Amino acid sequence: MTAYPTWTPAPRPGIIPLRPHGFGTILGRSFAALRQNPRVLLGFALVAQTVVTIVAAAGIVATGFYAFGRVATLEPGDDDFDTVMAGSIALVGVVSVLLGLATTAFSVLVQAVIVREVAHAALAEKLTLGGLWRQVKPVAGRLIGYTILLSLAVAVLVGILVAGFVLLAQASVAAVIVVVLLAIMVTVPVSLWLSVKLLLVPAVIVMEQARIIEAVRRSWLLTRGRFWPSLGIIVIISSAFGVLAQLVTLPMSFLTTGLTTVLSPTGDPEVGGVVALLVGLLVTEVLVVLLQSVALVVQSTATALIYIDCRMRREGLDLDLLAYVDQRDLPGAEPGDPYRAHVGRDLPRWAPPVPGTAVPGFVGPAAPHPAPGYPPTAPAAAPAPPVSVPAPAPSPTTWTPPGGARGTL
């Protein structure tokens, strides 16, 4: 036993401790959370994202075969050749854009389900896919609308830049090269900065049911002071899966070469080469799509953990989560959603009191701070001078001699 209190870490009922997290905790738990609810994270998210991506790619390929199949029936010198060619290119472009937007919107919905699952996993709660979708469904339209607005903003910005480069190229090619290099040097850091500042918009819409403009403001505020950790986490996850994709693509190229030799050792090399190329491309694309789906799950998990960490640091969300866990364990208790209990709460910042000023909560002025070190020793007092006390005078003694006569000595 000791008389001094010992530090006890905050409890961890779920996948994370209910306290502000460090860089390593968020990065590590982004991968470890896959084991919490594999049916949702690895089942629904992985399979659904893979299927949608493959369907979108197949739709674009089918549209291309249909559109350019008409061009193959015409000769380059025909009157309708240029018109059909332009129409085919426009059709493929429009279908590609629409399918790309649909894929992106579906990816945002998958990300919303993952964010909600991670929020429940932090409290050791495991919901079914239907229960998670019922919580995401009311804000699905806002998520899709935000995705479309962001995609349109990026498309308009890219279109303006391309148009400016084309107009500038008519004047000077060297000037275009310089401007393009400068634009790349400016666009990369600006895009990274905006991606981090808008990182939490889907999480805010899902967890707080906020509107789009309010979610943008909340994301901008919550990431204040947490820019570099958030950027580092996102860049590390994206780079890791990018390297994995390259490691998968390189062996598949060797596999394609080997299939060409196996399928046509002595026969027609064109048929064997075409079959090997198709098989190699198909297998490569499937593996890359699987890796991209896993990357989406991990990035969505990291986004949810960053959102929780930012709210713990700025709004004391960890206090609400701890109170929710304590109330939830009581019999018959039905606590509300802790993530919506104190949205936007501004916690007072602690500061040391100024010497000689009043301390809130106490009566009277605060005592001044003592000087560091040991207190000064008081000087020894001088010894007091001796005091002379006169001897008392002897008191008279009465004596009675024999015979009865009284006398005084």
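This is a short walk through a predicted model, from its annotated spans to its surface, ring pairs and loops.

Let us start with what the record says. An unreviewed UniProt entry carries the annotation "transmembrane region" for residues 40-68, 88-110, 143-167, 173-206, 227-254 and 274-307. Two of these spans can be followed in the model. Residues 143-167 are 100% helix and 0% strand, and the C-alpha atoms at the two ends lie 36 Å apart. Residues 227-254 are likewise 100% helix and 0% strand, with 41 Å between the end C-alpha atoms.

Now turn to the surface. Which residues form a nonpolar patch there? They are Val178, Leu182, Met185, Val186, Val190, Trp193, Leu194 and Trp220, and together they have about 730 Å² of accessible area. Helix H6, which runs over residues 173-197, gives the most to this patch, with seven residues. One of the patch members, Val178, lies in helix H6. Val178 has a relative accessible area of 48%, so this residue counts as partly exposed rather than exposed, a term kept for values over 50%.

Two other members of the patch, Trp193 and Trp220, lead us to the aromatic rings. The model has three aromatic pairs. In one of them, the ring centres of Trp193 and Trp220 are 5.3 Å apart and the planes stand at 85°, so this pair is edge-to-face. Because Trp193 belongs to helix H6 and Trp220 to helix H8 (residues 212-222), the pair ties together parts that are 27 residues apart in sequence. Are these two tryptophans buried, exposed or partly exposed? Trp193 is partly exposed at 38% relative accessibility, and Trp220 is also partly exposed, at 31%.

Another edge-to-face pair joins Phe227 and Trp228: the ring centres are 5.0 Å apart and the planes meet at 80°. Here the two partners contrast in their cover. Phe227 is buried, with 17% relative accessibility, whereas Trp228 is exposed, at 65%. The cut-offs explain this: buried means under 20% and exposed means over 50%, so Phe227 and Trp228 fall on opposite sides.

Just ahead of that pair, the chain passes through a loop. Thr223 is found there, between H8 and helix H9 (227-263). With a relative accessible area of 1%, Thr223 is buried. What does Thr223 touch, leaving aside residues up to four places away in sequence? The contacts are Val196, Lys197 and Leu200. Of these, Val196 and Lys197 fall within the residue range of helix H6 (173-197).

Two more loops deserve a look, this time for their backbone. Most residues other than glycine have a negative phi. Ala124 has a phi near 60°, a positive value in a residue other than glycine. Ala124 sits in the loop between helix H3 (81-121) and helix H4 (129-136), and is partly exposed, with a relative accessible area of 42%.

Gln209 tells a similar story, with a positive phi near 55° in a residue that is not glycine. This residue is found in the loop between helix H7 (201-208) and H8. Gln209 is partly exposed, with a relative accessible area of 36%. Following the chain onward from Gln209 brings you into H8, where Trp220 pairs with Trp193 of helix H6.

Conventions
Residues numbered from 1 in each chain as written. Predicted model: local features only at pLDDT ≥ 70, side-chain atom pairs only at ≥ 80, totals over all residues. Heavy atoms only, no water. Patch = residues over 30% accessible without salt bridge, like charges linked within 9 Å, V, L, I, M, F, W, Y side chains within 5 Å. Areas by Shrake-Rupley, 256 points an atom, 1.4 Å probe, with all protein chains shown as cover. Salt bridge = Lys/Arg side-chain N within 4 Å of Asp/Glu carboxyl O. Helix = DSSP H or I, 4+ residues; strand = E, 2+ residues; numbered from the N terminus. Buried < 20%, exposed > 50% of the residue type's maximum accessible area, 1.4 Å probe, protein only. UniProt positions renumbered as here; feature names shortened; annotations may be inferred. Phe/Tyr/Trp six-rings, centres within 6.5 Å; stacked < 30°, edge-to-face > 60°. Contact = heavy atoms within 4.5 Å.
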